[in-house]
Amino acid sequence: MEQNAENLTRSGFVALIGAPNAGKSTITNNFVGSKVSIVSPKVQTTRTMVRGIGVYGNTQIIFIDTPGIFKPKRRLDRAMVSSAWSGVKDADIVVLVVDAKRGFDDETQSIVAKLNKQKIEAVLVLNKVDIIAKEKLLGLSAQINAAGKFKETFMISALTGQNIEDFYKYLADNLPVSPWYYPEEQMSDMPLKLLAAEIVREKLFLYLRQELPYELTVEPELWERREDGSVRAEMTIYVKRDNQKTIVLGRSGEMIKKIGQSARREIENELDERVHLFLFVKVRENWIDDPARYTAWNLDFNV
């Protein structure tokens with residue numbers, strides 16, 4: 001059906017790529033206005049591609065929040081990096097997000113080199129500019145633009161919203177003329193039970209120290225609506241070893257209780273409904289090499 005100029009709509013996919021902890025998930029959540037992708041001060045929090053959906057003017061922008069790109073060491077690492085690059089293939093616009101504080105580090109240099117090799121002209125976003133001197137930003141921008149070919153450069157703070165409207169407007173103006181792909185009110189293509197499981201995993205990152213959060217996964221076992229309209233959610237946290245289970249549970253169950261309460265409050269806030277959350281911790285030594293886990297995350301087990 002043809003559209004006249006007054007009701008012309010645009011819609012398209014914007015892939016956010018970058019090194020771990022560059023701020024891709026924060027940009028996605030900022031635009032959508034709700035949590036659709038988990039964030040953490042620790043790197044490599046995002047494990048799979050997450051689509052955050054929002055509207056800017058007459059344009060529906062679908063952000064593809066990808067896992068951070070780094071030098072992989074394990075099967076899961078390889079699968080995550082492969083997933084990040086696969087998000088680029090079908091995107092209408094590719095955005096390289098750079099942590100301005102970290103600068104043009106080895107990981108970002110490697111990403112720019114691969115963009116050059118694949119002849120992909122991306123948009124450059126320097127994030128976290130609220131904590132960097134302007135003179136350093138200009139030098140960093142010049143350095144990265146000299147190394148690659150970029151359509152535009154934006155300097156933003158996803159956390160504070162500084163200069164981010166100009167970035168959104170650019171995307172809205174440059175996505176293809178198209179009907180919207182999703183209903184106007186939809187914010188993500190992730191099922192609610194998986195979003196809830198990701199929120200639990202985020203709390204594990206926040207409350208547990210060092211490498212333990214990378215050694216566990218969260219699986220939703222039950223998502224059931226009760227007669228009173230509330231939701232009963234049961235989730236299992238799988239760890240590799242018995243001593244890890246002890247740490248997650250904490251003394252007298254204090255840690256798992258703290259994690260559960262924090263996660264439940266956030267899930268209820270996001271869904272705007274009452275949730276009864278039950279967490280269980282089990283040992284499964286080989287969960288990281290279980291093909292079923294990769295299928296659930298839309299990751300390629302054999303990459």
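Student: Which side chain meets that of R201 in a salt bridge?

Tutor: In this predicted model, R201 sits in helix 6, three residues from its partner, a separation of about one helical turn. Both residues of the pair are buried. The N to O distance is 2.9 Å, and the partner of R201 is E198.

Student: Which strands does helix 6 touch where it packs on the sheet?

Tutor: The sheet is open, has three strands and shows mixed pairing, with the order 7-8-9. Helix 6 (residues 192-207) runs at about 135° to strand 7. The strands touched by helix 6 are strand 7, strand 8 and strand 9.

Student: Which strands stand at the edges of that sheet?

Tutor: The order of the open sheet is 7-8-9. An edge strand here has a single partner strand, so one of its sides is left without a neighbour in the sheet. The edge strands are strand 7 (217-225) and strand 9.

Student: Which residue in strand 8 is the bridge partner of W223?

Tutor: Strand 7 and strand 8 (residues 231-239) pair in the antiparallel sense, over eight bridges. In strand 8, the residue bridged to W223 is A233.

Student: How many residues apart in sequence are the parts tied together by D289 and R75?

Tutor: The two side chains form a salt bridge with an N to O distance of 3.4 Å. D289 is partly exposed at 41% relative accessible area, and R75 is partly exposed at 26%. D289 belongs to the loop between strand 9 and helix 9, while R75 belongs to helix 2 (residues 75-89), so the separation in sequence is 214 residues.

Student: Is D290 buried or exposed?

Tutor: D290 lies in the loop between strand 9 (275-283) and helix 9 (291-296). Leaving aside neighbours within four places in sequence, D290 contacts R284 and F301. The cut-off for buried is under 20% relative accessible area. Because the value for D290 is 19%, D290 is buried.

Student: Which residue of the salt bridge between D99 and K128 counts as buried?

Tutor: The side chains of D99 and K128 meet at 3.0 Å, N to O. K128 has a relative accessible area of 22% and is partly exposed. At 10% relative accessibility, the buried residue is D99.

Student: Through which helix does the chain cross from strand 5 to strand 6?

Tutor: Strand 5 (residues 122-127) and strand 6 (residues 150-155) run parallel and are joined by four bridges. L126 stands opposite M155 in strand 6. The β-α-β crossover between these strands is right-handed, and the chain passes through helix 4.

Notes. Residues numbered from 1 in each chain as written. Predicted model: local features only at pLDDT ≥ 70, side-chain atom pairs only at ≥ 80, totals over all residues. Heavy atoms only, no water. Helix = DSSP H or I, 4+ residues; strand = E, 2+ residues; numbered from the N terminus. Buried < 20%, exposed > 50% of the residue type's maximum accessible area, 1.4 Å probe, protein only. Contact = heavy atoms within 4.5 Å. Pairing = 2+ DSSP bridges. Axes fitted to C-alpha atoms, helices over the stretch in contact; angles between N-to-C directions. Right-handed = clockwise from strand over helix to strand, strands pointing away. Salt bridge = Lys/Arg side-chain N within 4 Å of Asp/Glu carboxyl O.
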